[in-house]
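Got your viewer open? Keep the selection box handy and we'll go from stop to stop.

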Amino acid sequence: MPKIRLNKIHCTLPDEIDKDEMYLKYKGKKVWPEEAMYHRVDTGDVAEVNLILEVEEEWVDVELWDFDYLSRNDFLGTFRFKVDDRPGKYTNSMKLVEENSTASYLLEWEILGK
């Protein structure tokens with residue numbers, strides 16, 4: 001199985017006015033941040049992720065969620081990318097889930113190899 005590293009997330013524009021409390025899920029399971037419930041970000045913030053995942057050699061979906069205390073957490077969008085046998089560094093923008101959302105994020109990631 002190939003390994004990928006999720007390096008950084010750039011918050012171009014948060015979903016909420018008072019910052020997003022973001023976390024990442026892969027295959028339905030929260031994978032980052034590992035030591036906290038969420039990571040707070042605002043416009044222009046860059047979060048160091050540095051997370052290695054073993055994935056299938058195909059299309060990979062990593063979900064970005066916003067933690068909410070008083071209501072259901074918000075599924076903001078998906079980073080979707082193809083993992084193949086060519087190691088290298090890449091950047092993907094998030095595909096929004098909600099049509100009217102203003103959230104905008106970029107994910108820096110890389111294929112490490114098998």
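Where is P33 found? Select it and look at the loop between strand 3 and strand 4 (39-41): that is where P33 is. One thing to know before going on is that this is a predicted model. Now add W32 to the selection and check the backbone: the peptide bond from W32 to P33 is cis, with omega near -5°. For context, most peptide bonds are trans.

Next, a pair of backbone oddities. Select K19, in the loop between strand 1 and strand 2. K19 isn't a glycine, yet its phi is positive, at about 85°. Switch on a surface and you'll find K19 partly exposed, with a relative accessible area of 32%.

Then jump to N50, which sits in a strand, namely strand 5. N50 is another non-glycine with a positive phi, here about 50°. Is N50 buried or exposed? It counts as exposed because its relative accessible area is 55%, and the cut-off for that label is over 50%. As background, most residues other than glycine have a negative phi.

While you're on strand 5, colour the sheet it belongs to. This is an open sheet of four strands in the order 5-1-10-8, and the pairing is antiparallel. Strand 5 and strand 8 (88-93) are the edges, each pairing on one side only. Look along the sheet and you'll see a twist that averages 20° from one strand to the next.

Zoom in on the strand 1 and strand 5 pair. How many bridges join strand 1 to strand 5? There are seven, and the two strands run antiparallel. For a spot to centre on, pick R5, which stands opposite I52 in strand 5.

Last stop, the interior. Show side chains for L6, L24, F81 and Y105: these have the most contacts inside the largest nonpolar core, which has 28 residues. Several strands each supply at least two residues of this core, among them strand 1 (3-13), strand 2 (20-26), strand 7 (74-82) and strand 10 (104-113). In general terms, nonpolar side chains tend to be buried together in soluble globular proteins.

Finish by centring on F81 and selecting its surroundings. Leaving out residues up to four places away in sequence, which ones does F81 touch? The list runs I4, L6, E58, W59, V60, V62, N92, L107 and W109. L6 in that list is also one of the core residues you just displayed.

Terms used:
Residues numbered from 1 in each chain as written. Predicted model: local features only at pLDDT ≥ 70, side-chain atom pairs only at ≥ 80, totals over all residues. Heavy atoms only, no water. Core = buried A, V, L, I, M, F, W, Y, C linked by side-chain atoms within 4.5 Å. Buried < 20%, exposed > 50% of the residue type's maximum accessible area, 1.4 Å probe, protein only. Contact = heavy atoms within 4.5 Å. Pairing = 2+ DSSP bridges. Axes fitted to C-alpha atoms, helices over the stretch in contact; angles between N-to-C directions.
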